[in-house]
Amino acid sequence: MPHRVAVLALDGLLPFELGIPHRIFGRSLEPAPGNKGAKLYEVVTCSIRPPGPVRTDSDYAILVEHGPEALATADTVVIPASYELGPVFEEGRLTEELAAALALIRPGTRMVSICTGSYVLAAAGYLDGRPATTHWSSADHFQRLFPQVRVDPDVLFIDDGDVLTSAGVAAGIDLCLHLVRRDHGAAVANEIARRTVVPPHRDGGQAQYIHRPVPEPQFATTTAARAWALGRLDRPIQLRDMARQESMSVRTFTRRFREEVGASPGQWLTQRRVERARHLLETSDLSIDQVARDAGFGTATSLRQHLQAALGVPPTVYRRTFRASADTP
């Protein structure tokens, strides 16, 4: 059976964020010729009340066809942001209606929040003693309201195993793609990202707020250097070589790169090489040594260290996991 995702629609919801899980999970298919594979997820939207309209922050309501009982059947519950959280946002406590709905969730269900949906998770106790994030503009208030939560206001999302939180709005796309990648591998996640016309991977530790996300007219960027580096990931890449592609000093290039990308050139290169290694481990029969060379890590030991740091598993275990998943009828 497909993995069942229940999206909890609360009054005051943001329609864009409500649609993210449906777009990402709902369009994720098993790899197959012609993209005719079976759906990997079943996505349902539910309310904390019987089926009926739910208010949005816009000039229309959404008719939700499932009540809170859908939460009891979910493998993953996603809580998008809402602008009408009431005592959840003001006092850090659940309403009786919301508490009763959340009580239906089975132990072990994966819990996910987008933006200020994290307030609901925190008020319900899911984030006690855990790292979490939320929209950067709410981070200080969130930390004061929930001192037991270890808030990181700078990152796009945090994966703490069975509980995951994301920053605002589009960071929800990054988190959902991360979950698809975690569940089914980079190839499936990259395909849905391509169809959604979004970057296939933004690391969760990337900064929420990038000072210069869109270069000013005639302003020098680091785009050409990144394209140059992506074409030669299997070879040594020095910072000075990347800077030379843009005719900048190393100091200026490093500053511009971080302003535009939200990470240092070294961090960005490592992320791209990990992504390349994951793709090769999932889709090829290359030896671990060859994967390490083709991804630019040089040695199997270096690949093992970087993959362990990024994913928590060594290359052989990662390959075995996704090969077993692909071979399962």
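In this predicted model, strand β5 is covered on both of its faces, with Thr76 and Val78 buried on one side and Val77 and Ile79 buried on the other. That strand is a convenient place from which to read the sheet, since its partners on either side can be followed one after the other. Towards β1, the two strands run parallel and are joined by three bridges, and in this pairing Ala6 has Val77 of β5 as its bridge partner. Towards β6, the strands again run parallel, here with four bridges between β5 and β6, and the partner of Val77 in β6 is Met111. Val77 therefore appears in both pairings, as the partner of Ala6 and as the partner of Met111, while its side of β5, shared with Ile79, is buried.

Seen as a whole, the sheet is open and consists of six strands in the order β2-β1-β5-β6-β10-β9, with mixed pairing. The edges are taken by β2 (41-46) and β9 (157-159), and because each of these has a single partner strand, one side of each is left without a neighbour in the sheet. Direction ignored, neighbouring strands of this sheet are turned against each other by 15° on average. At the β2 edge, strand β1, made of residues 3-8, runs parallel to β2 and is joined to it by six bridges, with Leu8 standing opposite Cys46 of β2.

Two helices that pack on this sheet can be described next. Helix α1, residues 15-24, touches β1, β2 and β5 (76-79), and its direction makes about 160° with that of β2. Helix α6, residues 171-184, touches β2, β6, β9 and β10 (163-166), and the angle between its direction and that of β10 is about 150°.

Helix α6 also packs against α7, at an angle of about 150° and with the two axes 7 Å apart. Angles over 145 degrees count as roughly antiparallel, and α6 and α7 are therefore described in that way. On the α6 side the contact is made by Leu177, Val180, Arg181 and His184, and on the α7 side by Ala186, Val188, Ala189, Asn190, Ile192 and Ala193.

These elements come together again in the nonpolar interior. In soluble globular proteins, nonpolar side chains tend to be buried together. The largest nonpolar core here has 34 residues, of which Val5, Ile24, Phe25, Tyr41, Val78 and Val180 touch the most other members. Two or more residues are given to this core by each of β1, α1, β2, α6 and α7 (186-196), and α6 gives the most, with seven residues. Val180 shows how the parts meet: leaving aside its neighbours within four places in sequence, it is in contact with Ile24, Phe25, Ser28, Tyr41, Gly185, Val188 and Ala189. Another core lies apart from this one and has 32 residues, among them Leu94, Leu98, Met111 and Val120.

On strand β6, where Ser113 lies, a hydroxyl-bearing residue is also enclosed, for Ser113 counts as buried at 0% relative accessibility. Not counting residues up to four places away in sequence, Ser113 touches Ile79, Ser118, Leu121, Leu164, Thr165, Ser166 and Leu175. Ile79, one of these contacts, is itself among the buried residues of β5.

The cysteines deserve separate attention, since the structure holds zero disulfides. A disulfide requires cysteine sulfur atoms within 2.5 Å. For Cys46, the closest cysteine sulfur is that of Cys176, at 15 Å, which is too far for a bond. The sulfur of Cys115 likewise has its closest cysteine sulfur in Cys176, at 13 Å, again too far for a bond. Both residues are buried, Cys46 with a relative accessible area of 0% and Cys115 with one of 7%.

Cys115 is notable for its backbone as well, because its phi is near 60°, a positive value in a residue other than glycine, and its place is in the loop between β6 (110-113) and α4 (118-123). Ser247 also has a positive phi, near 55°, although it is not a glycine, and it is found in the loop between α9 (239-245) and α10 (250-261). In their surroundings the two can be set side by side: Cys115 is buried, whereas Ser247 is exposed, with a relative accessible area of 71%.

Key
Residues are numbered from 1 along each chain as its sequence is written. This is a predicted model: local features need pLDDT of at least 70, side-chain atom pairs count only at pLDDT 80 or more; totals for chains, interfaces and linings use all residues. Side-chain values use heavy atoms; hydrogens and water are left out. Buried means under 20% relative accessible area, exposed over 50%, partly exposed in between (1.4 Å probe, protein chains only). Two strands pair if DSSP finds at least two bridges between them. Axes are lines fitted to C-alpha atoms, for helices over the stretch in contact, and angles run from 0 to 180 degrees between N-to-C directions. Contact means heavy atoms within 4.5 Å. A nonpolar core is a set of buried Ala, Val, Leu, Ile, Met, Phe, Trp, Tyr and Cys residues joined through side-chain atoms within 4.5 Å. Angles under 35 degrees count as roughly parallel, over 145 as roughly antiparallel, 65 to 115 as roughly perpendicular and the rest as oblique.
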